[in-house]
Amino acid sequence: MYQRHKIYPIQQILDIIEYKYAGCYSNKKKYIELDGVKVKITSARYGVFKNSIKCVCCGLEGSFFASEKSLYDNTDKYHFNLYGVKNNGDEVLFTKDHIIPVSKGGSNNFENFQTMCSECNNEKSNNIDNNIHDMINRYKNNINDIKKESNELNNRLKNHYLSVNNKLEKIYKLLKQYANKNDETAINILKQLNKYKGK
Ligand SMILES: [Zn+2]
C-alpha cells in the first residue's frame with residue numbers, strides 16, 4: 001500500500017528518470033525535489049518503463065506516474081510508480097517483471113526485464129506456483145511407481161527363492177534316500193546341499 005503525493009503526466013516523468021543497473025549498490029541513488037518532496041529518479045525499474053509503458057501480457061498502457069512511498073516507510077523519500085487505468089476505472093500498478101524468474105536462474109540484467117501490470121504479474125507467479133506443484137506431484141507419482149515396482153520385484157524374488165529352496169529340499173531327500181553310499185558325486189552334492197541349508 002502506498003501513500004500518494006501527486007500524479008504526473010507520463011512524458012514529464014520519463015524525461016526525469018534514469019535507468020540504474022539493478023545490482024549496482026555503489027552508485028548513490030539520486031533524488032530530486034519535486035512539489036515539496038524528495039523523489040528518487042534512478043532505478044532499474046525506471047529503465048524498464050523508459051523502454052515501454054505497456055504491459056507485455058494484457059497490453060494495458062500506463063496512464064500516469066505518481067510520486068508515492070510505502071505506508072510503512074517513515075522516511076521522507078518518495079519514488080515514482082507507474083499506473084494504468086482499466087476500462088472500469090480501476091488503477092493498476094505497473095511492475096518490472098523478470099522474464100525468467102530469479103528462482104529459475106534468471107538474471108538481474110536489463111535484458112531479463114519487461115514491463116508488466118501487477119494483475120498479469122500476479123497471474124504469472126500463480127502459474128509458476130502451479131507449475132511447481134505439478135512438477136512435485138509428478139515426482140511423487142514417479143516415486144510411488146518406483147516403490148510399487150520394487151515391492152513387486154522383491155515379492156517375485158522371494159517366491160523364486162522359495163521355489164528353488166523347495167526343489168533343492170526335494171533333491172536332498174531323494175539323494176539321501178536312494179543314492180549309493182559309495183557314490184562320491186552324490187555324497188559331494190549332499191555336502192554342498194548341507195552347506196546351502198545351513199545358510
Ligand atoms: Zn497486464
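# A tour around strand β7

Begin at the hairpin of β7 and β8, where five residues lie between the two strands and Gly89 takes a positive phi near 95°. What you have open is a predicted model, and residues are numbered from 1 along each chain as its sequence is written.

Next, select strand β7 itself, residues 77-85, and look at what surrounds it: seven of its nine residues are buried, so the strand is largely enclosed by the rest of the structure.

Now add the strands that pair with β7, one at a time. Strand β8, residues 91-98, runs antiparallel to β7 and is joined to it by three bridges; to find your place along this pair, pick out Gly84, which stands opposite Val92 in β8. Strand β6, residues 62-70, is also antiparallel to β7, with six bridges between them, and a hairpin of six residues leads from β6 to β7. Within that pair, select Glu68, whose bridge partner in β7 is His79. Then turn to strand β4, residues 37-40, which runs parallel to β7 and is joined to it by two bridges; here Lys38 has Lys77 of β7 as its bridge partner.

With the strands in view, show the side chains of the largest nonpolar core, which has 18 residues, and among them highlight Phe49, Phe80, Leu82, Phe94 and Cys117, the members that touch the most others. The elements giving two or more residues to this core are α2 (44-51), β7, β8 and β9 (113-117), and the largest share, four residues, comes from β7.

Stay with Cys117 for a moment and ask which residues it is in contact with, leaving aside its neighbours within four places in sequence. They are Cys55, Cys58, Leu60, Gly84, Val92 and Phe94, and you will recognise Gly84 and Val92 as the two residues that stand opposite each other in β7 and β8.

Move on to helix α2, and select Arg45, Tyr46, Val48 and Phe49, which are buried. If you look down the axis of α2, these buried residues fall within an arc of 160°, so they line one face of the helix. What they pack against can be shown by selecting β2 (18-19), β5 (42-43), β7, β8 and β9.

Finally, zoom out to the whole protein chain, for which the domain assignment gives domain 1 (2-117) and domain 2 (131-198). The centres of domain 1 and domain 2, taken over C-alpha atoms, are separated by 70 Å.

Notes: This is a predicted model: local features need pLDDT of at least 70, side-chain atom pairs count only at pLDDT 80 or more; totals for chains, interfaces and linings use all residues. A residue is buried if 20 or more other C-beta atoms lie within 10 Å of its own, exposed if 12 or fewer, and partly exposed in between; C-beta atoms are placed from the backbone. Two strands pair if DSSP finds at least two bridges between them. A nonpolar core is a set of buried Ala, Val, Leu, Ile, Met, Phe, Trp, Tyr and Cys residues joined through C-beta atoms within 7 Å. Two residues are in contact if their C-beta atoms, placed from the backbone, lie within 7 Å. Domain bounds come from an automatic or database domain assignment. The arc is that of the directions from the helix axis to the C-beta atoms.
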